[in-house]
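Below is a walk through one protein structure, from its overall make-up to a few individual places in the chain. Please keep the sequence and the model in view while reading.

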Amino acid sequence: MGRIPHRPGGPWTGILLAASVLGSCLQPVPAQTPVTIVLTPPSPAVGGGVSLAPQNPPQDFVLCSWFRSATATDGNSQILTYYPQTPPVQTKDWAHTGRETAGPGCALHIAGLTLKDTGNYTVLIQSPTRPVLATVHLPVSASVLGSCLQPAPAQTPVTIVLTPPSPAMGGGVSLAPQNPPQDFVLCSWFRSATATDGNSQILTYYPQTPPVQTKDWAHTGRETAGPGCALHIAGLTLKDTGNYTVLIQSPTRPVLATVHLPVSASVLGSCLQPAPAQTPVTIVLTPPSPAMGGGVSLAPQNPPQDFVLCSWFRSATATDGNSQILTYYPQTPPVQTKDWAHTGRETAGPGCALHIAGLTLKDTGNYTVLIQSPTRPVLATVHLPVSDTPRPGLSAGAVAPRPGLSAGAVAGIVIGSLAGSALVGVGAYFLYSRCRNETPRENGAPVLVYENLPLAARAGPVTLQP
């Protein structure tokens, strides 16, 4: 056969152009701006962590997906997808083990490395201007934690300070890393002496604006993180005693630090008692006698000025995470997180005041606030009485309960009155019917009958004799 003739602008030109466009969509970016993936630390070890950070990604990317594979063709190897919105969102996929998270710039962070994590990792970055596909090989050494994941050099050691230093059952505690890297991009807390087991991971904290934290397998609903990667635990129990490890991921100085948390069996340590008598912390109700259908504010008086967070509990203690309503952070802007006992009617405000709307009789009870402060942690309780007086604006036809009578007593009075009125009516009707049914012959009265007489002759009734 002869050669196929080539004409400028012919069909082969269009086919070749289409093929080149499609082929370039998933290829790495042009050589002048290559996208590579940098490992931090460069030689990760078993038990440590690693960050896989794409370099020079498209600035306008809308999502990125990570695969535990040399390609992006198998959905079973997909780890997660990251959306860089505000706040960022990430969704877990089939190959997620509970130890992987994503952060700014589409970096992938893996904690608790094992030898099985060795292999190729691929990122697919979707962008309207420059889609990118890049792959890197992750080697995990068998040594127990590489040197890059050891605590910081001796001149600037990273330690963890407990506040209060002797936490007690029912109270709270803050575990604050000292001298963490200033450029850290995330930190993960583990309820363990190592960072190898994803099942012991409590949470991961991202110090962006605003900060973001994600809960992990060992989260009990009582742990939160704050500035500087501090871990706060409320409602301590004896089971919280143990080792806690923080893994701080930083491009310049990754850090691993561990501390032992002792929880004493005494009923609330002295550091968590209300403030000294000269500056007592009390809780004031406004209004002082809240009623059903209304609202109320529970405002702590004389709280520590340097408090970093406060948690409210629907209980006389702060020991049960199931009774925790919310946690309030007085940062700028303030942030509050909802907990298990939140009903959708509670909010917090300046000074750690708790506001409850649409009160019901079930809201009656004790409320406790736990205020965490590095100088003066505080625990205070107040009883909230909710009266059954209807809210203002009761309709004119409604019956308002009398003071001193419960709603049931009032209902009984109303029903008794209605029943008595009904009996009187029935008796009257019976007597009336009896009198009407007696004929005149029975009572001896004459029967009056009119005859058919002319109008002029009708002078009166005619009496018929029996």
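**A guided reading of the model**

Of the 466 residues in the protein, 39% are buried. The model is a predicted one. Its secondary structure consists of 3 helices and 33 strands. Among the contacts with a separation of 6 or more, 54% are made by residues 24 or more positions apart.

The largest pocket is a place to begin. It holds about 430 Å³ of space. Its lining is made up of 22 residues, and those closest to the centre are Pro 211, Gln 213, Tyr 329, Val 335 and Thr 337. Four elements give two or more residues each to this lining: strand 16 (201-206), strand 17 (212-215), strand 18 (223-226) and strand 27 (335-338). By residue type, the lining of the largest pocket divides into 9 nonpolar, 9 polar and 4 charged residues.

Strand 27 also leads on to the next stop. In the loop between strand 27 and strand 28 (346-349) is Trp 340. Is Trp 340 buried or exposed? Its relative accessible area is 59%, and residues over 50% count as exposed, so Trp 340 is exposed. Trp 340 nevertheless has contacts beyond its neighbours in sequence: leaving out residues up to four places away, it touches Thr 220, Gly 221, Gly 321, Asn 322 and Gln 324. Ser 323 lies 17 residues from Trp 340 in sequence, and the two C-alpha atoms are 6.6 Å apart in space.

Another tryptophan, Trp 217, has a charge over its ring. The charged end of Lys 92 sits there, 5.9 Å from the ring centre. As for rings paired with each other, a search of the whole structure finds 0 aromatic pairs.

The backbone has some points of its own to look at. Which peptide bonds are cis? One is the bond from Thr 86 to Pro 87, with omega near -5°. Pro 87 is placed in the loop between strand 5 (78-83) and strand 6 (89-92). The bond from Thr 163 to Pro 164 is also cis, with omega near 0°. Here the proline belongs to the loop between strand 12 (159-163) and strand 13 (168-169).

Positive phi values come next. Asn 56 has a phi near 60°, a positive value in a residue other than glycine. This asparagine lies in the loop between strand 3 (50-55) and strand 4 (63-67). With a relative accessible area of 47%, Asn 56 is partly exposed. Asn 302 is not a glycine either, and its phi is positive at about 60°. The loop that holds Asn 302 runs between strand 24 (296-301) and strand 25 (309-313). Asn 302 is partly exposed, with a relative accessible area of 46%.

The last stop is Ser 373, in the loop between strand 30 (365-372) and strand 31 (378-384). Its relative accessible area is 2%, and buried means under 20%, so Ser 373 is buried. What is Ser 373 in contact with, leaving aside its neighbours within four places in sequence? The residues are Thr 163, Pro 304, Asp 306 and Phe 307. Between Ser 373 and Pro 304 there are 6.7 Å in space, C-alpha to C-alpha, although the two are 69 residues apart in sequence. Thr 163, in this list of contacts, is also the residue from which the cis peptide bond to Pro 164 starts.

Definitions and conventions: Residues are numbered from 1 along each chain as its sequence is written. This is a predicted model: local features need pLDDT of at least 70, side-chain atom pairs count only at pLDDT 80 or more; totals for chains, interfaces and linings use all residues. Side-chain values use heavy atoms; hydrogens and water are left out. On a 1 Å grid over the protein atoms alone, a cavity is a set of points where a 1.4 Å probe fits but cannot get out, and a pocket is an open set with protein on both sides within 12 Å along at least five of seven lines; lining residues have an atom within 4 Å of a point. Grid points are joined across faces, edges and corners, and a volume is the space filled by probe spheres set on the points. Ala, Val, Leu, Ile, Met, Phe, Trp, Tyr, Cys and Pro count as nonpolar, Asp, Glu, Lys and Arg as charged, and the others, Gly among them, as polar. Rings of Phe, Tyr and Trp (its six-membered ring) pair if their centres lie within 6.5 Å; planes under 30 degrees apart count as stacked, over 60 as edge-to-face and the rest as tilted. A charge sits over a ring if NZ of Lys or CZ of Arg is within 6 Å of the ring centre and within 35 degrees of the ring normal. Buried means under 20% relative accessible area, exposed over 50%, partly exposed in between (1.4 Å probe, protein chains only). Contact means heavy atoms within 4.5 Å.
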